[in-house]
Amino acid sequence: MASEPVRREIASQEERGKIVLVTGNINGVAAVDDKDTVTGPVAEAARFATVARDTGATARRWMQGR
């Protein structure tokens, strides 16, 4: 069975992802050839921060030094 690429203009990256997910979950679809173009604003990349757990030792040292 030949595959045809999906080509359309999509408003957001989130919407594009949903379309690819739903299309790929259709019974009998082996792969999605996604050629969509996102026309809406590009979302900012997510920022992640690592937060260290403070056991209270830092606060005790700070209080002792006061």
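**Reading contacts and charge pairs in a small model**

Modeller: Let's start with one contact: the backbone nitrogen of R8 sits 3.4 Å from a polar atom of the D36 side chain. A polar contact is a pair of N or O atoms within 3.5 Å; within protein, one must be able to donate a hydrogen and the other to accept it, and residues adjacent in sequence count only if both atoms are side-chain atoms. Before we go on, this is a predicted model: local features need pLDDT of at least 70, side-chain atom pairs count only at pLDDT 80 or more, while totals for chains, interfaces and linings use all residues. Residues are numbered from 1 along each chain as its sequence is written, and side-chain values use heavy atoms, with hydrogens and water left out.

Colleague: Fine. Where is D36 found, and is D36 buried or exposed?

Modeller: Buried means under 20% relative accessible area, exposed over 50%, partly exposed in between (1.4 Å probe, protein chains only). D36 has a relative accessible area of 9%, so it's buried. D36 is in the loop between α1 and β2 (37–38). Of the chain's 66 residues, 6% count as buried.

Colleague: And what order do the elements run in?

Modeller: Helices (H or I, at least four residues) and strands (E, at least two) are DSSP runs, numbered from the N terminus. Here you get β-α-β-α from the N terminus on, that is, 2 helices and 2 strands.

Colleague: Which element has the lowest mean pLDDT?

Modeller: pLDDT is the predictor's confidence in each residue, from 0 to 100. Helix α2 (residues 57–64) has the lowest mean, 71, and helix α1 (residues 13–24) the highest, 87. For the protein chain the mean is 78, with 77% of residues at 70 or more.

Colleague: Now the charges. How many salt bridges does the structure hold?

Modeller: Side chains of opposite charge can pair when their charged atoms come close. The cut-off is a side-chain nitrogen of Lys or Arg within 4 Å of a carboxyl oxygen of Asp or Glu. The structure holds 4. One of them joins E14 and K18, closest N and O atoms 3.5 Å apart; both lie in helix α1, 4 residues apart, about one turn of the helix. E14 is exposed, at 57% relative accessible area.

Colleague: Which residue does D34 pair with?

Modeller: R16, with the closest N and O atoms 2.9 Å apart. That pair links distant parts of the chain, D34 in the loop between α1 and β2 and R16 in helix α1, 18 residues apart. D34 is partly exposed, at 23%.

Colleague: What about K35?

Modeller: K35 meets D33 in a salt bridge, 3.6 Å from N to O. K35 is partly exposed at 41%, and D33 is partly exposed at 30%.
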